[in-house]
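Dear colleague,

Please find the structure below, handed over for your review. My findings follow it.

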Amino acid sequence: MLLARFQFTHPIHLVVGLMLWSLWFVGVYSGLSVACAVAPPPPEAGAFTGLNAALGGVSLITAVGFAVLAWGGGQAAKQHQGRQRFHATVSAWLYLFSAFGVVFAGMPIISVPPCL
Amino acid sequence: MKSVNQEAIEHDPQQLHNDLHAIWCNPKGLRSLTIVNHTTLGLRFMVTGMVFFLIGGILAMLVRTQLAMPDQNFMSPEIYNQVTTMHGTVMMFLFAIPMLEGLAIYLIPKMIGARDLVCPRLTSLGYFCYLFGGIILTSSLIIEMAPSSGWFMYTPLSSKEFAPDLGSDFWLLGITFVEISAVSAGVELVVSILRTRTQGMALHKMPLFAWYILAMALMIVVGFPPLILGSILLELERAVGMPFFQIAGGGDPLLWQHLFWLFGHPEVYIIFLPAAGIVSTLIPVFAGRPIVGYGWVVFAIIVTGFISFGLWVHHMFTVGIPQLAQAFFSAASMLVAVPTAIQVFVWLATLWLGKPKMKLPMLWVMGFLIIFVCGGLTGVMLALVPFNWQVHDTHFVVAHMHYVLVGGMFFPLIAGLYYWLPLFSGRMPSENLGRWGFWLTFLGFNGTFLIMHWTGLLGMPRRVYTYEAGSGWEIYNLFSSVSSFVLSAGIAMVLLDIALHFRYGKPAKHNPWNADTLEWANTMPPSAYNFVSLPNVGSRHPLWDDPNLPHTMKEGKHGLAVATHGRREMYGTDPITGKIREIIHLPGNSWWPLFAAAALAVVCLSLLTEVYALAGVFVIIAGVFLLRWSWENGAHPSAAPNADVATGDPPLHSRTMDGPGLWAMAVFLIANGSFFLSYLFGWFYLWTVSPEWRMPDIPPLSLLVMVLAGLALLAGSTVIEKLLRGLREQRDGRLAAGLYLAGGLGTIQAVLTGWALFSAELSPTQTTHDAVMLVGLFYALFHGGLAVILTVLQALRVGYGYVGAHAPFEPAVVALLWRYNVITFWLLIGALAVLPRVIGG
Amino acid sequence: MRECNRTTPIIGSHLAPQWASQSACLLGTVLLVSLAGCAGDKSILDPAGPAARDVRLIWWVMLVFATLVLIGVTVLWLYAFKPRNVVRTPAQERRIARRWIIGGGIMLPVASIITLLMFGVSAGQRMLPLPLGEPPEVIEVIGHQWWWEVRYPGAQGGEVITANQLVMPAGEPVDFHVSSADVIHAFWVPRLGGKIDMLPGRVNKIRLEADEPAVFGAQCAELCGVGHAHMQLHVEAVPRREFDAWLTARQEVVLRELAVADATHDGARDAFKTHCASCHQIAGVSQGGIGPTLSDVGGRAMLGAGVIAMEEGAVSRWLQHHQTLKPSNKMPDHGDVETDTLDALGAWLEALSP
């Protein structure tokens, strides 16, 4: 299985989740800023713009990815004891938090016009 | 080979102590300036921090005196602005961070069962940089030329045009100097925690305090470089007129705000995390049981560490950023509530399930809880964008910030000081005076700042030196001012208590609080070498599991109980499992850190007085001192010329390919990478957002020359990698020749880069584009030059026999720098030479 | 306690019942041993427009919630110190711990921040300067060290420029386009709504609305140098018709006539040309652009960006003592000018009231 290759018992997973979260965050913020500087959609369009759709799509995919990783970490935790279980459990929670972080910080994309 | 270990076992504990003491002890008199020991330097950091705290506190009293009544003339607005700016600057940069770093420097090796930090000379350099930088900065107050643009130095107010005197220069140069200290302490704390925990202390068995400090140190490493870059750019603008932050040339004052808050927000958590670490250490001890949810706390630490980098724009909600972007940062700011709440409830559950005792340190923890939760709640309020638009830059924010910083840092700090006081001095504090001090501080603090929320809601902006009678703010300000004097009385009482206890405190019994962590296995006050022998630790609570452990450690019944070789030694262990990997030998006392810091201080002063030639000379002198320092490493006669170890013991780190120096270089390169990414951020930010940015029609930088330079660099790095492969297989044939070859390739790269720079004919004082490009090329030149010098020095060391197949460590360290240079240089080519050609203006 | 809620009929629609905010204000006041209540011409808690009212509601709700959380957590902590003699199995301990951590550490903050974010985003959206059917009045405000330049580009008959006073139509949304001529300032009328930074080289926009005619205080909110505390702005919302008349009275042609009217002021006009003209503009008299325009200074409510009230003799007093009234302001000291001249200047300038 593909997920098993990730070796969730390695402590690197303690930081990978939130690093990816940071990348998502910076990507969404800078993508928005650049799009608004280069080609802002008309204010009349409200939140129903291609830009919102693109940001929302990226966020959704990221969140699903995190959820899968969290599940994988949880599975790995069940198969180990001691140190390895500790690393996998904490990593799984961190992935879950990252998923929540994406959904939560991405919520305004649904309703706020992008460049006002 | 004689087995040194067996020889040692024949000695009795007293003999062992004497031998170890002879190796580790501190010299007296003038030579005490050479001390590199973490216990001594940790104390120096803390005492110096307390002195700056008193200075910052006096400034705060001046502010409250001025604001006590409307229309007062106690201070002129010029002086008031200097006083408020310096209050914030001193408290943040000269008290909070160095104080907590000092505590970490003092405690971390003791907690993880090590004898010192991994780079003792770096600790010393850090201390002197802090001391000299702090003195330079505060001396500006005496000559009434202190910075006056607020502690975040927003430009253009801090620019040459609107702040022509030296105030801003004092700030920019002094703070950068102090930040060298913060970053160097950050680097070595990371490496120490990862690589020198005692045998068996796996990652998940570390004391929580070490987790917190690890996060703090990594955050310093990543978080400080953006401000260092910003300070350098602003100082360049002020000194030679490169318009980085001026609209007219194509710059943007908002870039400063981004760079400042990229540092400034993590800074708050850099201060909070170690303080929370103190709380997480104290609560289990006074509850008499292990913390519940160790994993949850680790989770919370990691989340806080990362999320805090995603909040910086919440200090800039009113600068006119699109509302959707503000909403991202608003949401991210609220996310921090989750890890904070987890910690609060972990602490609560620990108390709930234990048998807590309300001793003096716990009183301060309770004070922390109430004040910090209050500050956290107003923090969540401020994350709400529409509310923020109203209360931003009012006294509401001043109140919030003091709740978070005093509640989140000062209260836990005092709790920690009272808790570790017996360790510092071997004596107990006075419970009576201490309680008086607490209650005065607690009531005074709330009287000062709770009411200040209200003042802000009534519309009082921050940083006004006065207000009119009839504004409706009079009574609240008076109340705040009176309470602030109660607060200072409380703090004075605490300091008095601490000072008196050194003389009058009753002697503490061993491990007086019945704590679980290894620092209490030390003697009180601690010995210079910390532990006679280094134990194998199997749990998170070594002293609870084996109360006899301090005695067996003292009797030399554990690892490395040997001193006959005359080296300062401790174990290097695996970062994850805590298995022993090598013996780390540490350098002894040294003048070089003091000399290097003094040379840097001269650089700082000559930049202030605009004697640039002198600054240039002393930069070189400082560089020579630092290189001379690096010479005394590895197989050098003053380091470890003899590599004998006991049979069964691992080799010395300088005889392997992996050691603390390599890790320190890696962590330093993370800091450097953060600096470089901030630079790239600045370039792209100005390019896309700055209102009057202009791309030249013809790209000035020759792509061909840059690519040739990049290829030369790549070739040099490849040569070094090949040499490393050889060393790994114990081959060192033509090592020196290979190093010289790499140095030559590096020189070619530097010359080509210089040529590209020269032929670009930049006019950096005219356009921001050229100024930014110049900074990038200088960065590449500096790093290329540094790699060449270090490589040539390695080649020389091969000749002296300090480096070779028998001691292959150092080329591996230099190789890391080469790899870093290759990556950053090619990124630079892409950003400065390729993309402008592809995208155009 | 003064009456807390000064606002009367409300034009915006989204707000809590009056009694809720009044009793909340009462609670807050009692809590803080407040003597003077929530009123004040810069009080956030005494809103006079829809944006500020939204924020006040958010504040009271958040305050009540935060107070409950703080009290709850503190009580639980204190209770935890109570000596108990219960013996629990490790399994029981784990269950209790998990309940605290999941319930208090995760569910409580997650639920709170989700509610709060939805609250905040929707409130923020209502304040967005979305396109309106009829474009709102635009007023440009430009910050200077340490005074305000105010422009009305949409005035009928040509742009109107004034300084240190902001007159706006009441009962309709107004778009403020703010900028700066030197350092960063911030534009903030607390009783109307949030603040926005005034940046050099950029124009920031904020939409505010005053429910009905009234006078508001405003103050620069971003540290802008030594004069920061004295950079205040007198804001007046007036009915639309009055507003239009006010603009008409400040048309260039009208001001030019006003400036040269009344020959008794000829001496003052000459003195002005000698001492003041290089920095100050008066329509038809001088072109100076460093200090605020003085074409209609006599009609302003305050002098020196909110330092003293305009009354008879105020201008002369200001000219003599401005460096004490507003330390380090950029107008040179007038010690070298005869007091009689300053009095004459003051009398003329006070007469410049369209």
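**The sheet of chain C**

In chain C, five strands (DSSP runs of E, at least two residues, numbered from the N terminus) form an open sheet of mixed pairing in the order β3-β2-β1-β5-β8; two strands pair if DSSP finds at least two bridges between them. Its edge strands, each pairing on one side only, are β3 (160-163) and β8 (204-209) of chain C. This is a predicted model, in which local features need pLDDT of at least 70 and side-chain atom pairs pLDDT 80 or more, while totals for chains, interfaces and linings use all residues. Residues are numbered from 1 along each chain as its sequence is written, and chains are lettered from A and ligands numbered from 1 in the order in which they are written.

Strands β1 (residues 137-144) and β2 (residues 147-152) of chain C run antiparallel and are joined by five bridges. G143(C) stands opposite W148(C) in β2(C).

**The contact of chains B and C**

Contact here requires C-beta atoms, placed from the backbone, to lie within 7 Å. By this criterion, 69 residues of chain B are in contact with 68 residues of chain C. On the side of chain B that touches chain C, helix α11(B) (helices are DSSP runs of H or I, at least four residues) gives the largest share, 12 residues. That side divides into 50 nonpolar, 15 polar and four charged residues, where Ala, Val, Leu, Ile, Met, Phe, Trp, Tyr, Cys and Pro count as nonpolar, Asp, Glu, Lys and Arg as charged, and the others, Gly among them, as polar.

Yours sincerely

Notes:
Contact = placed C-beta atoms within 7 Å.
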